[in-house]
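Student: Got a minute to go through this model with me? I'd like to start with the core.

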Amino acid sequence: MENCLFCRIAAGEIESNKVYEDERVLAIHDINPVAPVHILLIPKEHISSLHEVDESHTELMGYIQVIAARLARELGLEGFRVVNNSGATAGQSVFHIHYHLLGGRDFRWPPG
Ligand code: 5GP
Ligand code: ZN
């Protein structure tokens, strides 16, 4: 996906502040953090949103949570949120699936 921001970041064409990377997943600091810890967990495979996810993605989607849990432990986060916005009405602005790992402050429920 040549015009996809996160595909271009994953390919190294656009700079990012990397937290973690392996062959399947990239974790970067969000450019506009809304919490003291705000990391984006991005699969390298282009999937536009959770709307597109099916059984073929089971392992990858589970793996992203494993990485989220590992980063949360490494960062010593006591409480944290893993958030996915699916679709523009839910707040999605980059249409390459990603999870927000948020921590370092108190959170309210329900989210806005
Ligand atoms: P969404 O709104 O799609 O759930 O989340 C997209 C996130 O990507 C936003 O929190 C936004 O701040 C972040 N973002 C947008 N452009 C860039 C960028 O070029 N670099 C990084 N690191 N984050 C970005
Ligand atoms: Zn993409």
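Student: Which residues touch the most other members of the largest nonpolar core?
Tutor: Ile-39, Leu-41, Ile-64 and Leu-71, out of 18 residues in that core. A nonpolar core here is a set of buried Ala, Val, Leu, Ile, Met, Phe, Trp, Tyr and Cys residues joined through side-chain atoms within 4.5 Å; buried means under 20% relative accessible area, exposed over 50%, partly exposed in between (1.4 Å probe, protein chains only).

Student: Which element gives the largest share of this core?
Tutor: H2, with eight residues. Strand E2 (25-29), E3, H2 and strand E5 (99-103) each give two or more; helices (H or I, at least four residues) and strands (E, at least two) are DSSP runs, numbered from the N terminus.

Student: Is this predicted, and what's the numbering?
Tutor: It's a predicted model: local features need pLDDT of at least 70, side-chain atom pairs count only at pLDDT 80 or more, totals for chains, interfaces and linings use all residues, and side-chain values use heavy atoms, without hydrogens and water. Residues are numbered from 1 along each chain as its sequence is written, with chains lettered from A and ligands numbered from 1 in the order written.

Student: OK, switching to the metal: what are the protein donors of the zinc ion (ligand 2)?
Tutor: Cys-4 (SG), Cys-7 (SG), His-46 (ND1) and His-96 (ND1), at 2.0 to 2.3 Å. Donors are N, O and S atoms within 2.8 Å of the metal (3.2 Å for Na, K and Ca); water is not among the atoms, so sites may look incomplete.

Student: Cys-4: buried or exposed?
Tutor: Buried, because its relative accessibility is 9%. His-46 is at 24%, so it counts as partly exposed.
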